[in-house]
Amino acid sequence: MDMLATLTVDKPVVIFSKSTCCMSHTVKALISSFGANPAVIEVDKMPNGHQVERALLQLGCRPSVPAVFIGQQFIGGADEVISLNVQNKLAQLLLSARAIFLWIR
């Protein structure tokens with residue numbers, strides 16, 4: 001877990017992704033559509049990517065990517081992020097984490 005904490009510290013939004021994962025692309029596009037600029041960590045391009053994936057799986061993210069952290073809090077994968085958006089809760093999380101500063105529906 002310390003590895004994940006180190007990678008997410010001081011970043012409002014972090015998305016752990018794989019460059020070939022279509023759901024990772026969808027989550028990145030959704031969060032960016034709010035005006036946020038997420039830090040994207042492509043685990044398949046990291047030398048220690050397998051260790052990061054293992055840490056994500058231990059955290060409960062199944063599959064391991066996409067894995068989204070907002071305000072250093074683990075939010076979940078694609079299902080959870082899309083669900084938050086449908087419930088109109090994603091924008092508030094992004095505002096609280098200072099990933100965006102203004103949101104008008």
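**Reading a predicted fold from one leucine outward**

Biologist: Where does L94 lie in this model?

Modeller: L94 lies in helix α5, which covers residues 90–96; please keep in mind, as we go on, that this is a predicted model.

Biologist: Is L94 buried or exposed, and how does one decide?

Modeller: A residue counts as buried when its relative accessible area is under 20%. L94 has a relative accessibility of 0%, and therefore it counts as buried.

Biologist: Which residues does L94 touch, if those up to four places away in sequence are not counted?

Modeller: With that restriction, L94 touches V13, I31, F34, I70, A99 and I100. Positions far apart in sequence can also be compared through their C-alpha atoms: those of L94 and A36 are separated by 7.6 Å, although the two residues are 58 residues apart along the chain.

Biologist: Which residues touch the most other members of the largest nonpolar core?

Modeller: The general idea is that, in soluble globular proteins, nonpolar side chains tend to be buried together. Here the largest nonpolar core has 19 residues, and the members that touch the most others are I31, I70, V81, L90 and L94. At least two residues of this core come from each of β1 (13–17), α2 (22–33), β3 (67–70), α4 (78–86) and α5. Another core, of 13 residues, lies apart from it and includes I41, A55, A67 and F69.

Biologist: What is I31 in contact with, leaving aside its neighbours within four places in sequence?

Modeller: Under that condition, I31 is in contact with V13, I15, A36, P38, V68, V81 and L94.

Biologist: How many disulfides are there?

Modeller: A disulfide is a covalent bond between the sulfur atoms of two cysteines, and the count in this model comes to zero.

Biologist: Why is there no bond from C21 or from C61 to the closest cysteine sulfur?

Modeller: The test asks for sulfur atoms within 2.5 Å. For C21 the closest cysteine sulfur, in C22, is 5.6 Å away, which is too far for a bond. For C61 the closest one is in C21, at 10 Å, and this is also too far. C61 is buried, with a relative accessible area of 3%.

Biologist: What does the side chain of E42 reach?

Modeller: E42 is found in strand β2, residues 39–42, and its side chain reaches the backbone nitrogen of S19 at 2.9 Å.

Biologist: How many helices and strands are there in the whole protein?

Modeller: There are five helices and four strands, and read along the sequence they follow the pattern α-β-α-β-α-β-β-α-α.

How values were computed: Residues are numbered from 1 along each chain as its sequence is written. This is a predicted model: local features need pLDDT of at least 70, side-chain atom pairs count only at pLDDT 80 or more; totals for chains, interfaces and linings use all residues. Side-chain values use heavy atoms; hydrogens and water are left out. Buried means under 20% relative accessible area, exposed over 50%, partly exposed in between (1.4 Å probe, protein chains only). Contact means heavy atoms within 4.5 Å. A nonpolar core is a set of buried Ala, Val, Leu, Ile, Met, Phe, Trp, Tyr and Cys residues joined through side-chain atoms within 4.5 Å. A polar contact is a pair of N or O atoms within 3.5 Å; within protein, one must be able to donate a hydrogen and the other to accept it, and residues adjacent in sequence count only if both atoms are side-chain atoms.
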